[in-house]
Amino acid sequence: MVVTTILAFFVARERGHWRLWQALLFIAGFLIVDLAYFGSNLMRIPYGGWFPIAVAIVFFIIMSTWRRGGELLAGQTDQDAVTIKQLVQDLAREKTARVPGTAIFLTPRMKNTPPALHHHIERNRALQKQVVLLTVLGEDVPRIPQQERLEVEKLNEGFYRVILHYGYMQHTNVPSDLAACTGKNLEIDLNEATYYVERQSLVHGRRKGGMIGWRDRLLGFMMRNSIDVTATYHIPSDQTVELGLRIRI
């Protein structure tokens, strides 16, 4: 109850644009009652009240480790990210072979290219003629109409950026919605396309600004047991290639 009251204060200030004295006056009455209840319950901690507190601490550690680890992973991989223009120049300079087919790279990045794309080029010395950078976004609305779900942007040299929008009550089906690209000047043979997914694994060893070792191991455990994105997005497993990236955070 105390936490909820404090959150209400920030909502009133940041969303409601209340003046400081108005927000303080609003929560003062609630805090008097809430703190009285809180103080009386402190005496119950030695007699079993410690258990829900311990459970809350465990869940807080798990959630904060996942969030902080995600921020560190994103920051580390963003250091090596390049723009489409720079990548096209690198392909021309290195005379990278462009082979027939379509490569669909799943990436949360809306601007730069994903690390999996560079890894693919480095290891295979070749790249498909048509490359789709696919981003799936979950929106804060229940449903996104079919006609508003798909965005297609044509880039340079056979590169396309595709964004799929889903509401939080909708099931994600990437191949089904990619079929609608035909009407947006992007032809994809979904039976022949190859999906590329990043599989990140942590290298233990603390970096400056990173997390302590046991939190790194906890994050690695959660990443290994996270939901398979191919199953979530209904991507055919026989058309999927996982590219492993070892990252130290």
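**Exercise 1. The second largest pocket**

Task: In this predicted model, work out how the residues lining the second largest pocket divide into nonpolar, polar and charged, then say where they come from.

Solution:
- Step 1. Sort the lining by type: you get 8 nonpolar, 6 polar and 8 charged residues.
- Step 2. Look for the elements behind them. Two or more lining residues come from each of α3, α4 (84–94), α5 (115–124) and β6 (240–247).
- Step 3. Now go to the middle. Of the 22 lining residues, Pro 115, His 118, His 119, Ile 121 and Glu 122 lie nearest the centre of the pocket.
- Step 4. Add the volume: about 590 Å³ of space lies in this second largest pocket.

**Exercise 2. The largest pocket**

Task: Find which element gives the largest share of the lining of the largest pocket, and describe the rest of that lining.

Solution:
- Step 1. Start with the space, which is about 1000 Å³ in the largest pocket.
- Step 2. List the elements that give two or more residues to its lining: α3 (50–78), β2 (126–138), β5 (194–202) and α7 (213–224).
- Step 3. Pick the top contributor. That's α3, with 7 residues.
- Step 4. Check the chemistry: the lining holds 14 nonpolar, 10 polar and 7 charged residues.
- Step 5. Find the centre. Of the 31 lining residues, Pro 108, Glu 198, Gln 200, Met 223 and Val 229 lie nearest to it.

**Exercise 3. Strand β4, inside out**

Task: Is strand β4 (residues 159–166) largely enclosed or open, and why?

Solution:
- Step 1. Count the buried residues, where buried means under 20% relative accessible area. In β4, 8 of the 8 residues are buried.
- Step 2. Split the strand by direction. Phe 159, Arg 161, Ile 163 and His 165 point one way, while Tyr 160, Val 162, Leu 164 and Tyr 166 point the other way. Both sets are buried.
- Step 3. Conclude: because 8 of its 8 residues are buried, β4 is largely enclosed by the rest of the structure.

**Exercise 4. Who pairs with whom?**

Task: Trace the strand pairings that involve β4, then those that involve β1.

Solution:
- Step 1. Take β2 and β4. They run parallel and are joined by 8 bridges. Two places to look: Thr 135 stands opposite Ile 163 of β4, and Val 136 has Leu 164 of β4 as its bridge partner.
- Step 2. Move to β3 (residues 150–154), which pairs with β4 in the antiparallel sense over 5 bridges. Here Glu 153 stands opposite Arg 161 of β4.
- Step 3. Check the turn. The hairpin of β3 and β4 has 4 residues between the strands, and in it Glu 157 takes a positive phi near 55 degrees.
- Step 4. Go on to β1 and β2, which run parallel with 8 bridges joining them. Ala 103 stands opposite Val 131 of β2, and Arg 98 has Leu 127 of β2 as its bridge partner.
- Step 5. Finish with β1 and β5, a parallel pair over 3 bridges. In this pair, Phe 105 has Tyr 196 of β5 as its bridge partner.

**Exercise 5. The nonpolar cores**

Task: Which residues of the largest nonpolar core touch the most other members, and which element gives the most to this core?

Solution:
- Step 1. Among the 18 residues of this core, Ile 104, Leu 134, Val 162, Val 174 and Leu 178 touch the most other members.
- Step 2. Trace the suppliers: β1 (97–106), β2, β4 and α6 (174–178) each give at least two residues. The most come from β4, with 4 residues.
- Step 3. Zoom in on Leu 178. Setting aside neighbours within four places in sequence, Leu 178 is in contact with Ile 104, Leu 134, Val 162, Leu 190 and Tyr 195.
- Step 4. Don't miss the other core, which lies apart from this one: it has 17 residues, including Val 82, Ile 84, Leu 91 and Leu 127.

**Exercise 6. Two residues to compare**

Task: Decide for Thr 65 and for Gln 79: buried or exposed?

Solution:
- Step 1. Place Thr 65: it sits in helix α3. Its relative accessible area is 0%, so Thr 65 is buried.
- Step 2. See what touches it. Beyond neighbours within four places in sequence, Thr 65 is in contact with Met 211, Arg 215, Leu 218, Leu 219 and Met 222.
- Step 3. Place Gln 79: look in the loop between α3 and α4. With a relative accessible area of 58%, Gln 79 is exposed.
- Step 4. Pick a distance. Gln 79 and Pro 115 are 36 residues apart along the chain, and 9.9 Å separates their C-alpha atoms.

How values were computed
Residues are numbered from 1 along each chain as its sequence is written. This is a predicted model: local features need pLDDT of at least 70, side-chain atom pairs count only at pLDDT 80 or more; totals for chains, interfaces and linings use all residues. Side-chain values use heavy atoms; hydrogens and water are left out. On a 1 Å grid over the protein atoms alone, a cavity is a set of points where a 1.4 Å probe fits but cannot get out, and a pocket is an open set with protein on both sides within 12 Å along at least five of seven lines; lining residues have an atom within 4 Å of a point. Grid points are joined across faces, edges and corners, and a volume is the space filled by probe spheres set on the points. Ala, Val, Leu, Ile, Met, Phe, Trp, Tyr, Cys and Pro count as nonpolar, Asp, Glu, Lys and Arg as charged, and the others, Gly among them, as polar. Buried means under 20% relative accessible area, exposed over 50%, partly exposed in between (1.4 Å probe, protein chains only). Two strands pair if DSSP finds at least two bridges between them. A nonpolar core is a set of buried Ala, Val, Leu, Ile, Met, Phe, Trp, Tyr and Cys residues joined through side-chain atoms within 4.5 Å. Contact means heavy atoms within 4.5 Å.
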